[in-house]
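I opened this one to look up its charged pairs, its sheets and one helix. My entries follow, in the order I made them.

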Amino acid sequence: MRFSLKHAFFSLVCLGLLACGGSSRDDVLIVPTEMPEICKGIDFTMQPDMRDICGVRPARYQSYKNIPQQRYLIMPKGASMVKKDGKVELRLPNTLPIPLPISESEGLSFSQDNRLVYLKNTMIYKELFPSGQARIKMFKLQIPLDDGNVKSFCFNLPETKVEERKRTYSGTEIEPLQCTDFDNIVTKFDKK
């Protein structure tokens with residue numbers, strides 16, 4: 001009788017450990033920053049069958065810490081804000097990453113749940129043709145933060161010079177611009 005109680009207790013402990021080991025926990029997922037448009041609004045914990053299609057994989061041992069976290073913007077198409085090494089970058093299609101002076105303390109959080117919530121930003125694009133000067137292309141992004149504030153970022157698109165010998169494609173570097181300068185240029189040269 002005594003042996004069977006020890007045996008039963010041992011069996012219960014083993015069963016408990018197996019149940020804990022097999023329990024569902026929040027997997028840490030490696031979500032790539034370059035995904036097809038169809039994969040951007042998917043919760044990969046609720047739909048694990050979409051992981052292989054979209055290139056999402058679970059992080060083994062959780063030792064790889066350089067996994068960029070991102071938030072998607074609604075304008076321009078394909079744009080996202082990526083948090084990498086504690087810094088936030090704006091990533092636009094066909095451009096180099098643009099560092100932004102923004103932090104989580106300012107109300108923009110990067111978590112797995114927030115990745116699914118698009119930032120409903122606005123974009124003002126201006127292409128101006130001042131007389132006797134080169135064409136001016138610039139835009140302003142107004143990004144709403146999670147705490148309710150809106151932060152504005154302005155950029156100038158430099159003219160691209162095409163070289164005859166160089167046929168390879170490289171990303172365009174976008175120049176930051178003060179938003180007060182953006183507003184002054186628009187009031188001075190916009191004829192509308």
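**Entry: salt bridges**

I began with D183 and K140, whose side chains meet in a salt bridge at 3.1 Å, N to O. The pair links distant parts of the chain, with D183 in helix α4 and K140 in strand β8, 43 residues apart. For salt bridges I take a side-chain nitrogen of Lys or Arg within 4 Å of a carboxyl oxygen of Asp or Glu. Helices (H or I, at least four residues) and strands (E, at least two) are DSSP runs, numbered from the N terminus.

This is a predicted model, so local features need pLDDT of at least 70 and side-chain atom pairs count only at pLDDT 80 or more, while totals for chains, interfaces and linings use all residues. Residues are numbered from 1 along each chain as its sequence is written, and side-chain values use heavy atoms, with hydrogens and water left out.

Are D183 and K140 buried or exposed, or in between? D183 is partly exposed, with a relative accessible area of 35%, whereas K140 counts as buried at 9%. My cut-offs: buried is under 20% relative accessible area, exposed is over 50%, and partly exposed is in between (1.4 Å probe, protein chains only).

How many salt bridges does the structure hold? I get three. Another one joins E127 and R135, with the closest N and O atoms 2.8 Å apart. E127 is partly exposed at 32% relative accessibility, and R135 is partly exposed at 34%. I also have E89 with R91, at 2.9 Å from N to O. R91 is buried, with a relative accessible area of 18%.

**Entry: the sheet with K140**

Next I checked the strands around K140. Strands β7, β8, β9 and β10 form an open sheet in that order, with antiparallel pairing. Two strands pair here if DSSP finds at least two bridges between them. The edge strands are β7 and β10, each pairing on one side only. I get an average twist of 25° from one strand to the next.

Seven bridges join β7 to β8, and these strands run antiparallel. K140 turns up again here, as the bridge partner of I124 in β8. Helix α4 packs on the sheet, touching β7, β8, β9 and β10, and its direction makes about 130° with that of β8. Contact means heavy atoms within 4.5 Å. Axes are lines fitted to C-alpha atoms, for helices over the stretch in contact, and angles run from 0 to 180 degrees between N-to-C directions.

**Entry: helix α4**

Which residues of α4 (residues 179-189) are buried? I find C179, F182 and V186. They sit on the same side of α4, because they cover an arc of only 50° around the axis. That arc is taken over the directions from the helix axis to the C-beta atoms. It fits the textbook: an α-helix has 3.6 residues a turn, so residues three or four places apart point the same way.

The other side of α4 has T180, T187 and K188 exposed. The buried residues of α4 pack against β7 (122-128), β8 (136-144), β9 (150-157) and β10 (175-177).

**Entry: the sheet with E89**

Then I went to another open sheet of four strands, in the order β3-β4-β5-β6, also with antiparallel pairing. β3 (69-72) and β6 (98-100) stand at the edges with a single partner strand each, so one side of each is left without a neighbour in the sheet. The twist averages 30° from one strand to the next.

β5 (residues 87-91) pairs with β6 in the antiparallel sense over three bridges. I looked up E89 there too: its bridge partner in β6 is P99.

**Entry: P58**

P58 lies in strand β2 (residues 57-58). P58 counts as partly exposed, at 41% relative accessibility. What does P58 touch, not counting residues up to four places away in sequence? I find V28 and L29. The C-alpha atoms of P58 and V28 are separated by 5.8 Å, and the two residues are 30 apart along the chain.

**Entry: whole-chain numbers**

I left the totals for last. The protein has four helices and 10 strands, running α-β-α-β-β-β-β-β-α-β-β-β-β-α from the N terminus on. Buried residues make up 28% of the 192 residues. Among contacts between residues at least 6 apart in sequence, 50% join residues at least 24 apart. The protein exposes about 13500 Å², with carbon and sulfur atoms supplying 56% of it; the areas come from the Shrake-Rupley method with a 1.4 Å probe, and for residues, only the protein chains shown count as cover.
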